[in-house]
Amino acid sequence: MTKSKTVYFCAGWFTDKQNQAYQAAMKAIEANPTVDVENSYVPLQHQYKGLRVDEHPELLEDKEWATATYNGDRVGVSTSDMLLAVYIPEEEDVGMGVELGMARALGKYICVVIPDEDFGKPINLMSWGIADNFIKMSELATTDFNKPSYNFYAGSVY
């Protein structure tokens, strides 16, 4: 298998659980032979002027930083082959919702990854409906993104 797919890495890092899932997903895509990690768009690696909001919370009040970071991420969604969303059912992220909507509007393939221990828990109806496929975190390193597929989520919606 060749590393032919670039991904927009859509994941929160604002809570301990999100950060753990973020780290696990990054490790998995680095091991996945069908993901071109080097040329993928990982928002934390593209923060405006290299300033990360988790290290500089005052940036949330800086319109220049916010506008440039949003537009950088918008470009990341539009130029990536697909969107990979690391989703925590009980920790909805409105920013992820916007990125999912952008990807769908642009006709991008959307795969939602849910930590194994959360797979099957109810998720938001709109997140359920927008995705092309749902996989467990344990499947991420071996999923062949060169052969995208559609599948329903195993859990219910709210």
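In this predicted model, I110 is buried, with a relative accessible area of 0%. The residue sits in strand β3, which covers residues 109-114. Setting aside neighbours within four places in sequence, the contacts of I110 take in L83, L100, A103, R104, I130, A131, D132 and N133. One of these partners, A131, lies 21 residues away from I110 in sequence, yet the two C-alpha atoms are just 5.1 Å apart in space.

Turning to helix α2, this element runs over residues 63-79, 17 residues in total. From first C-alpha to last, α2 reaches 24 Å, close to the 24 Å expected at 1.5 Å a residue. Right at its start, a side-chain oxygen of D62 comes to within 2.9 Å of the backbone nitrogen of E64. The buried residues of α2 are W65, T69, D73, G76 and V77. Looking down the helix axis, these buried residues fall within an arc of 100°, so they line one face of α2. That fits a general point: an α-helix has 3.6 residues a turn, so residues three or four places apart point the same way. The packing partners of the buried residues of α2 are β1 (7-11), β2 (82-86) and α3 (94-105). On the face turned away from the buried side, α2 carries the exposed residues K63 and T79.

As for empty space inside, the structure holds one cavity of 30 Å³ or more. The largest cavity contains about 60 Å³ of space. Its lining is made up of G12, Q18, V86, Y87, I88, E91, E92, D93 and M96.

Terms used. Residues numbered from 1 in each chain as written. Predicted model: local features only at pLDDT ≥ 70, side-chain atom pairs only at ≥ 80, totals over all residues. Heavy atoms only, no water. Helix = DSSP H or I, 4+ residues; strand = E, 2+ residues; numbered from the N terminus. Expected span 1.5 Å × (residues − 1). Buried < 20%, exposed > 50% of the residue type's maximum accessible area, 1.4 Å probe, protein only. Arc of directions from axis to C-beta. Contact = heavy atoms within 4.5 Å. Polar contact = N/O pair within 3.5 Å; in protein donor to acceptor, adjacent residues only side chain to side chain. 1 Å grid on protein atoms, 1.4 Å probe; cavity = no way out; pocket = protein on both sides within 12 Å on 5 of 7 lines; lining within 4 Å. Points joined across faces, edges and corners; volume = space filled by probe spheres on them.
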